Amino acid sequence: MEQLGAWIKPIIAMIILAGFLELILPDNQLENVTKLILGLVILMFLLQPLTRLLNLPSALAGSLLGTAGQNRAGPATGQVIREGLKMRDFWLREYRTERQNYLQSKLEQIITIFTGVKLQNVSCDFEGIRLKRVMVTVASLNKMVTRPGTLQKQTQQIIRSVQFVTGLNQDQIDVRWGEDNE
C-alpha cells in the first residue's frame with residue numbers, strides 16, 4: 001500500500017502542475033508543445049511500475065524513464081544496443097530470405113506460362129529491406145527457345161514478368177540462361 005501511495009503522489013502532483021501550466025499559458029503554438037511534454041512526463045510516471053513488473057533492463061528503463069544511473073545492476077547501454085543490433089540483423093536476414101522465397105514462387109508460377117522455359121534460380125540483392133536487383137536463371141526445355149530471335153523475345157517476356165512481380169526497372173533485372181536440368 002505504501003508503494004502505491006509513493007507512486008500516486010508524484011502523478012497527482014504532475015497532473016495538478018500540468019493543469020496549472022495550461023491555465024497560465026497563452027493560446028499559441030507553444031501551448032500544444034507544452035501539453036505534449038507534460039503528457040509525456042505524466043506517462044513516464046505511469047509507466048514506472050510497469051517497467052519494474054516486466055523486469056525491463058535497467059538501462060532501457062532508465063532511458064525511457066529518465067532514471068539512468070539510479071540502478072547500476074542492469075546491463076550497460078552498449079550491451080543493450082548490441083543486442084538490439086543483433087536482433088535487427090537476424091530479422092533483416094529472415095525478411096530477405098522470406099522475400100526471396102516469395103519472389104521465387106511467384107516467378108515460377110508466371111514463368112512456367114512460357115512454353116519451353118523453366119525457372120532454375122532467383123537471386124536478390126537488397127539495400128536494407130528495399131529490393132535493389134534481381135537475377136533470374138532460366139533453362140530452355142526445348143531447342144526452339146534457344147534460337148537467337150526467340151531467345152531475345154523470351155528474355156524480354158521474362159524481364160516484363162519480373163518487373164510485374166517486383167516493381168523494379170528493366171536495368172535492375174538480369175536474366176541468365178542456364179543448362180537444361182532435365
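I first looked up Thr137 in this predicted model and found that its bridge partner in β3 is Arg176. I then turned to the strand pair: β2 (residues 130-140) and β3 run parallel to each other, joined by six bridges.

I next traced the whole sheet. It is open, holds three strands in the order β1-β2-β3, and has mixed pairing. I noted that β1 (117-127) and β3 (173-178) are the edge strands; each has a single partner strand, so one side of each lacks a neighbour in the sheet. Ignoring direction, I record an average turn of 20° between neighbouring strands of this sheet.

I checked what lies against the sheet. Helix α4 (residues 77-111) lies across β1 and β2, and its direction makes an angle of about 150° with β1.

I moved on to the surface. I found a nonpolar patch of about 640 Å², made by Leu36, Leu40, Leu43, Leu46, Leu47, Leu50 and Leu54. I located Leu50 in helix α2 (residues 29-53). I list Leu50 as partly exposed because its relative accessibility is 43%, a value between the 20% and 50% cut-offs.

I closed with the chain as a whole. I counted five helices and three strands, which follow the pattern α-α-α-α-β-β-α-β along the sequence. Of the 182 residues, 25% are buried. I entered an accessible surface of about 12,800 Å² for the protein chain, with 58% of that area belonging to carbon and sulfur atoms. Among contacts with a separation of 6 or more, I noted that 53% join residues 24 or more positions apart.

How values were computed
Residues are numbered from 1 along each chain as its sequence is written. This is a predicted model: local features need pLDDT of at least 70, side-chain atom pairs count only at pLDDT 80 or more; totals for chains, interfaces and linings use all residues. Side-chain values use heavy atoms; hydrogens and water are left out. Patches are made of residues with over 30% relative accessible area and no salt bridge: like charges are joined within 9 Å, nonpolar side chains (Val, Leu, Ile, Met, Phe, Trp, Tyr) within 5 Å. Accessible areas come from the Shrake-Rupley method with a 1.4 Å probe; for residues, only the protein chains shown count as cover. A salt bridge is a side-chain nitrogen of Lys or Arg within 4 Å of a carboxyl oxygen of Asp or Glu. Helices (H or I, at least four residues) and strands (E, at least two) are DSSP runs, numbered from the N terminus. Buried means under 20% relative accessible area, exposed over 50%, partly exposed in between (1.4 Å probe, protein chains only). Contact means heavy atoms within 4.5 Å. Two strands pair if DSSP finds at least two bridges between them. Axes are lines fitted to C-alpha atoms, for helices over the stretch in contact, and angles run from 0 to 180 degrees between N-to-C directions.
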